[in-house]
Every structure is written in C-alpha cells, then in structure tokens.
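Colleague: Could you take a close look at one helix pair for me, and then walk me outward from there into the parts around the pair? I would like one connected account, please.

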Amino acid sequence: MYRKFNASQIFFGSGFLPAASVLITDTQGEVLDIVSVAEAGEGVEHYDGILTPGFINCHCHLELSHLKGLIPKKSGLVDFVLKIVNERHFPEVEITAAIKNAENELFKNGIVAVGDICNTEFTIAQKKEGRLWYRNFIETAGFPPEAALPRFEKAVALFNSFVSSLPQNNIVPHAPYSVSPSLFKLINDFQGNNYLSIHNQEIDAENELFRYKSGDFLRMFDAMGIDIGFFEPTHKTSLRTYLPQLQKAHSLILVHNVFTSAEDIQFANSWSKEMQNRLYFCLCANANLYISNCLPDVPGFMKSGCNLVLGTDSLASNDQLSIWEEITAIRVAYPEIELTEMLTWATINGAKALGCDDIFGSFEKGKKPGIVLIAPTEADELSGMTVKRLL
C-alpha cells in the first residue's frame, strides 16, 4: 500500500529536506507525506545518493530522433538548419522507430514531462501510450509576409490532429528569423494559445539580421530560395523586435539564449512584468556545444533573477536526451553554480513553465512527480553520478 523512501539527501523541488527525512508515497507514486525516520516505521527503502522529483524537459524535438549522429558537430546554426531542412526526410518506419527509442531514453533518464516541438504527426502514436506527459508545441514558420496565412492554416490543421488524440497543444513560432509580423499576429491571436515557446538568439547572426540586414542568415535565405527584399531592419536586437508581438502568452519559454545580452534580459523581464505573464529562459547546453561550441552567460541570467529551465533539444543536436547531462555540462562550465539551483530549474521551474506543476516538479502531497535517484558511481563527483528512475 505504501512505499517509503530515504536517501543521503532528498531534494523536494526547491531545496533539500532535513537529514533523516522519509518520503511516503502510494504504490502508484502519489505523495502522501514526508516524515522523519523516527516516525516512518518499518519498510523504509534507503538509497545512497540524491532523491529528486522527476525531471522536466522543456525543449525537445522528438520527431528528429532519426537524425542522431548525422549532422556534423560545431558546423554552426545556419548549416545545421540547412541540414535539417534538406535531410530530415526518411521512411516513416525509421522515423517512428527512432521516436520510440528516444522516448525510452527520456523515460530511463528520469524525465516525466516534455515540451516537444512538432512539425508532423509522427509522434502522436507514441505519445498516446501515455508513458510521459507532453505539451505539444505545434511549430510554424514563414518569413515572407505572404506565407503567413497558408503556413498558419497548415499549423492549425496539424494542431487539430493533435487535439483529436492528445491534450496540451499550442501553436508556436519557430524563431524570429523565420516568422513574419503577420504570422506572429496569427499565433498571438489564436484562441487559447496560452503556452508558447520560441528559439531565441541562438547565434549572434540573428541580432545582426534585425539590426543591419546582414550576416550569415542571408546565406541561409539564399540557399533556401527565400527572397527577403521585403525585409527592413529594425535596428534593434531580435528579442526587442518580436517580443512585444506575443503579449497574450500566459507562459513563454525562450530557448537557447546564447547571445541574449544583459540589456535584452532586462528588457524581457520588464516586458514580462508589464504583461503579467510568466517568462522562462530555457538552457540547452549540450545542443549549444554540439552546434556552435558556445554557451549562454548562465550566471548573468541568474544575477538578473530570471526563471531558468532546462531542455535537451533533439538527438540531431545532442548525443543523449538527459536532463542530468545538461546539468553536468552547465556545472562543468560554471562550477560556482549550486546544484540546488540547477535541480530547481530541472523540476519545479520546468513544471511551472509547461503548466504541469499541479502534478510534477516537487514532493508535495497529492502530486505524482516521479522519483529519480542520482547515485554516485566510482567517484563522488558530478561526472561520477548516474540517474535511475525509481517510480
């Protein structure tokens, strides 16, 4: 009827419980209580390591899992995007098999909820099995203004396919350099579209495009046969250009943020406060290292009081789908950041960003957040820790 968990440390979602605490759940994982060892009675399971709620992956592209290892590392974002556009088309049986394997990896690595970017129906069948909780971000793109309505109508059709099979679906913009003001308006005005996500400032060429109509994205547009003669630079960063066009979002996740300046962070936080919405900055460290070998200024985001969350991106841009590996990569680059902070990003912050904090993210009575063990292996260092899903 009950399971009782004790460990070297128990992280409850935003901090560590007192020593000798016991987490009590039912056999299905619903949290019933947290008590002391003295009160827990018999049958307590003890683990060497850290117990934590299940991890939240706020940014993934499950449908790109078949591209694992096919795109060269450190080739830069423009060449990465061109490879994705030109080489993502595989037989459906290969794509769906890769999706299944990737979800198994997510599950094994203690991830319980995912913000997943969707451009096709390929992930629907796997998601219907209900192993993980998903918020499906139906992605749309179209930089020329005349593309706005047909692209949006296509996204709505895909959205309806998801709605007929799965809950938690939203239509979202791909990136500032691929979405016109007309398309932003259609996304912003779509009824009930309260949870949004957008790729933000992954490379500095994005800011260069909006400031000066120059930089590497011009090469991308040329290679894709897109005429941007219509486009006039705003003489602002991309973030300052597009963010005011998404004022109806209840929750907005900005993903990557490698070239988001302190001034842009201040602008975004002020805008969020004015709009009374929830703004999150998603870090995908291993994908950033894979594509361009650079990272965001994570301490700068922390200093500015930003809400941070974590994502894995896709297997096209990452060697694994593990939130713990994302934490490890950030800790290697910024060893001064406390583990407590990063586990908060990986659990309760992520759950709030995706709108599932009533179920996941913390060990609170009535929730079923999953239970993950971060256990030491040969060395008591972050690089010597392994993740095991207990429940």
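**A helix pair and its surroundings**

Modeller: Happy to! Helix α13 (residues 323-333) packs with α14 at an angle of about 145 degrees, and their axes are 11 Å apart. Please keep in mind that this is a predicted model. The crossing of these two helices, α13 and α14, is right-handed. On the α13 side, the residues in contact are Ile323, Trp324, Ile327, Ile330 and Arg331, and they meet Leu339, Met342, Leu343, Trp345 and Ala346 of α14. By character, the residues of this contact divide into nine nonpolar, no polar and one charged.

Ile330 is a good place to step outward. Leaving aside residues up to four places away in sequence, Ile330 touches Met342 and Trp345, and also Leu283, Ala285, Val298, Leu310 and Ile337. Ile330 is also among the residues with the most contacts inside the largest nonpolar core, together with Phe55, Leu252 and Ile253. That core has 90 residues. Helix α14, which spans residues 339-354, gives the most to this core, with eight residues. There is a second, separate core of 24 residues, and Phe80, Leu82, Ile203 and Ile291 are included in it.

Next, the cysteines. Searching the whole structure turns up zero disulfides. Cys284 is in no disulfide, and its nearest cysteine sulfur, in Cys282, is 4.0 Å away. A pair would have to lie within 2.5 Å to be counted, so a distance of that kind does not qualify. Cys284 is buried, with a relative accessible area of 0%. For Cys294, the closest cysteine sulfur is the one in Cys284, but at 13 Å it is too far for a bond. Cys294 counts as partly exposed, at 23% relative accessibility.

A second helix pair makes a nice companion to the one you asked about. Helix α5 (residues 148-163) and helix α6 (residues 181-189) have axes that come within 9 Å and cross at roughly 35 degrees. Here too the crossing is described as right-handed. Ala148, Leu149 and Phe152 of α5 meet Ser182, Leu183, Leu186 and Ile187 of α6. The residues of this contact divide into six nonpolar, one polar and no charged.

Staying with α5, have a look at Glu121, which sits in the loop between β6 (111-118) and α4 (124-127). Setting aside residues up to four places away in sequence, Glu121 touches Leu158, Ser161 and Phe162. Glu121 and Phe162 are 41 residues apart along the chain, yet their C-alpha atoms are separated by 7.5 Å. Glu121 is partly exposed, with a relative accessible area of 47%.

Finally, two loop residues deserve a glance for their backbone. Most residues other than glycine have a negative phi. Gln168, in the loop between α5 and β8 (169-173), has a positive phi near 60 degrees. Gln201 also has a positive phi, near 45 degrees, and lies in the loop between β9 (195-200) and α7 (204-212). As for their surroundings, Gln168 counts as partly exposed at 25% relative accessibility, whereas Gln201 is buried, with a relative accessible area of 0%.

Key. Residues numbered from 1 in each chain as written. Predicted model: local features only at pLDDT ≥ 70, side-chain atom pairs only at ≥ 80, totals over all residues. Heavy atoms only, no water. Buried < 20%, exposed > 50% of the residue type's maximum accessible area, 1.4 Å probe, protein only. Core = buried A, V, L, I, M, F, W, Y, C linked by side-chain atoms within 4.5 Å. Helix = DSSP H or I, 4+ residues; strand = E, 2+ residues; numbered from the N terminus. Contact = heavy atoms within 4.5 Å. Axes fitted to C-alpha atoms, helices over the stretch in contact; angles between N-to-C directions. Left-handed = near helix turned anticlockwise from the far one by under 90°. Nonpolar A, V, L, I, M, F, W, Y, C, P; charged D, E, K, R; others polar.
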